[in-house]
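User: I am new to this structure. Please take a close look at one part of it, the second chain, and tell me how it is put together and what it touches.

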Amino acid sequence: MNWRAIKAIIQRDLLAVVRSKGVMIPLIIVPLVFMILLPAGFGYFTPVLMEMPGANMPDLTLFLDQLPPAMLANFEGYTMEQLMIIFSLVYMFAPMFLILPLMVASVVAADSFAGEKERKTLEALIYTPTTDMELFVGKVLSAMIPALLVSLVGFLLYTLTANLAAWPTMGEMILPNLTWIILVLWVSPATASMGLGATVIVSSRVNAFQEANQIAGVIVLPILALVIAQVTGVMYFSVWLTALLGVVFWLIGGVLLYFGVRTFRRSEILAKG
Amino acid sequence: MREQPVIVTQGLTRLFGDITAVDNLDLEIYRGEVLGYLGHNGAGKTTTVRLLNGVLTPTSGKMQVLGLDPSVNGAELRQRTGVLTETPSVDERLTGYENLKIFAALFNVPQADVEKRVGELLETFQLTDRAGDRVGEYSKGMKQKLALARALIQQPEVIFFDEPTSGLDPVITRQVHTLIQDLSKNGGHTVFLCTHNLAEAQRLCDRVAVLENGKMVALGSPAELARELWKGTRLEFETTHEALPTALQTLEAMPDAHEITSAEDQPAISLLLTLRDQIPAMVERLVAAEVPLYRLTPQEPTLEDIYFALHENDQEVEA
């Protein structure tokens, strides 16, 4: 492997991403909404809303009763306000957080693979002495690195925002916990690999950034299913389940990337282009 | 004895489904030579460049470039070749300097030499002042110059130009022509020039290969092709205004004289004779008709004449 060439591909793709408004806008807005605005809102307004006349306390109690017992065990000793904050900021947001690496990896990969075909800049790259594998690794890393960076920075911002917003009610730090650490360091890269693999496969069949991004966006469905399962209490993101989820996502991501690398051949790209 | 060819193909063929993009191509190109690869759009020029750089594999046949088999040693070969693609293919979000610096790394230019090499190329192509601007802000000519600079970044031994002057203004076209001549004559580089600009090919190429529907239909220097394929002779002669109608009448009576045209502002006539041997007979007839001849100039056929004659022959064969 020629790592100097791989580094050059990463540098080229990242510079191109940073200078594209179309790519950067979702990369800024989504983390801002999910990692700062929403947790700040939940943390601040949950106790306020519960204090308001007409707050439906019996329904909330009924909802909490339906949660998995393992999850309920973590709520012992908390007031209703504290419990709702813990539920929303520690549990409900956990699967939602995974949208971040998935979205970043997909957007950057769509720009790097399909977008490059659209801009007709791939041909110059194809005539360089890099091998197909070096080109593929360079492009995969140029999508993976920002996905992981955004995840990490997003997690730090989220932890800070959630703790600050919840402090008046909780009087203690609610994050990070082991589940979230596993989520960030293990499940998040696995989720990024899934988004990346799906986008690489889609990009080999389409010639435009938007098209690739929209079709590959279907991969967000399993994450949304997890969000719904967690919110409705069907599933509880325990430490073990989170770790297992990482294994499953790595497997799916691995399979998708395996098929992705098989489609990424100079001759195939040019023949289809 | 002539040296070993730099590019050799034998029966090189590439199919895309039912379409034959390159059909049984036999070609030898030598060091320092500029070979013009002529053909209409879709004739198979770009596919040949891709095959010779190992980015497409042939369906059948053999090829060697710089002693390497492109389908086996593609990466090693591309280190020694430069390609200017039909579209400049430069990254518009990056600056000119960044484009060159990144490709210097991709072409393994030694780290210590990168700044010097990039600086030299920017200077050569008069891009130094705009090196820090994003390429999206460049004119078409500047983008093409940047793409040329990129194709030369690692000082390749063989350079493939795919329509290098397409859409460029005459000033930049001339600069590109000078560069190609300089690369070949002073630098000893081998140049494979794909073009459908026949004047460009005539001006720059030592030999030309004419491609039609993937098949090479002629190969040789423009002069060789003229001898082989162009049996007629184009002539221009000067007479007097008074004698012009008689001259035209005399020539129109000759069955082997074609394309007879007179100039609007001077007493000159140009025509095409089917055979060169008919010149004395034509002169005899004009003198007998008392047409004074002040100047008689035979004109060498242009590559354009040859190209279209070749094309017409093929259409006749097909019909």
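Analyst: What follows is a walk through chain B, then its contact with chain A and the cores. Keep in mind throughout that this is a predicted model.

Start with the overall build. Chain B has 319 residues, and 41% of them count as buried. Its C-alpha atoms fill a box of roughly 80 × 45 × 40 Å along the principal axes. The chain holds 11 helices and 13 strands. Many of its contacts span long stretches of sequence: among those between residues at least 6 apart, 69% join residues at least 24 apart.

Now go to the beginning of chain B. Strand E1(B) covers residues 7-16 and pairs with strand E4(B), residues 60-65. The two are antiparallel, with 5 bridges. One pair to look for is Thr13(B), whose bridge partner in E4(B) is Ser60(B). E1(B) also pairs with strand E2(B), residues 19-29, again in the antiparallel sense, over 7 bridges. Here Arg14(B) has Val22(B) in E2(B) as its bridge partner. E1(B) and E2(B) form a hairpin, with 2 residues between them. In that turn sits Gly17(B), with a positive phi of about 65°. As a general point, side chains in a regular strand alternate between the two faces of the sheet.

Next, move further along the chain. An open sheet of 4 strands runs in the order E11-E12-E10-E13 of chain B, with antiparallel pairing. Its edges are E11(B), residues 257-262, and E13(B), residues 295-299; each of these pairs on one side only. From one strand to the next, the twist averages 20°. Look closer at one edge. E11(B) is joined by 4 bridges to E12(B), residues 268-273. Ala257(B) stands opposite Leu273(B) there. Across E11 and E12 of chain B lies helix H9(B), residues 244-252. This helix runs at about 165° to E11(B).

Then there is the contact between the chains. Chain A and chain B each give 23 residues to it. On the side of chain A, helices H1 (3-18), H7 (122-126) and H13 (266-272) each supply at least two residues. H1(A) brings the largest share, 7 residues. By type, that side of chain A divides into 10 nonpolar, 7 polar and 6 charged residues.

Finally, the cores. In soluble globular proteins, nonpolar side chains tend to be buried together. The largest nonpolar core in this model has 153 residues. Ala105(A) and Leu193(B) have the most contacts inside it. The element giving the most to this core is H8(A), with 14 residues. A second, separate core has 9 residues, including Phe237(B), Ile269(B), Leu271(B) and Val291(B).

Back in the largest core, take Leu193(B) as a landmark. Leaving aside residues up to four places away in sequence, Leu193(B) touches Val34(B), Leu35(B), Gly36(B) and Tyr37(B). Its other partners are Phe161(B), Ile180(B), Ala201(B), Leu204(B) and Cys205(B).

One last stop is H8(A), residues 132-170. Its axis comes within 10 Å of that of H5(A), residues 80-97, and the two cross at roughly 170°. That makes H5(A) roughly antiparallel to H8(A). The residues of this helix contact divide into 7 nonpolar, 2 polar and 1 charged. Among them are Ile85(A) and Leu89(A) from H5(A), and Ala162(A) and Ala166(A) from H8(A).

How values were computed: Residues are numbered from 1 along each chain as its sequence is written. Chains are lettered from A and ligands numbered from 1 in the order in which they are written. This is a predicted model: local features need pLDDT of at least 70, side-chain atom pairs count only at pLDDT 80 or more; totals for chains, interfaces and linings use all residues. Two strands pair if DSSP finds at least two bridges between them. Axes are lines fitted to C-alpha atoms, for helices over the stretch in contact, and angles run from 0 to 180 degrees between N-to-C directions. Angles under 35 degrees count as roughly parallel, over 145 as roughly antiparallel, 65 to 115 as roughly perpendicular and the rest as oblique. Two residues are in contact if their C-beta atoms, placed from the backbone, lie within 7 Å. Ala, Val, Leu, Ile, Met, Phe, Trp, Tyr, Cys and Pro count as nonpolar, Asp, Glu, Lys and Arg as charged, and the others, Gly among them, as polar. A nonpolar core is a set of buried Ala, Val, Leu, Ile, Met, Phe, Trp, Tyr and Cys residues joined through C-beta atoms within 7 Å. A residue is buried if 20 or more other C-beta atoms lie within 10 Å of its own, exposed if 12 or fewer, and partly exposed in between; C-beta atoms are placed from the backbone.
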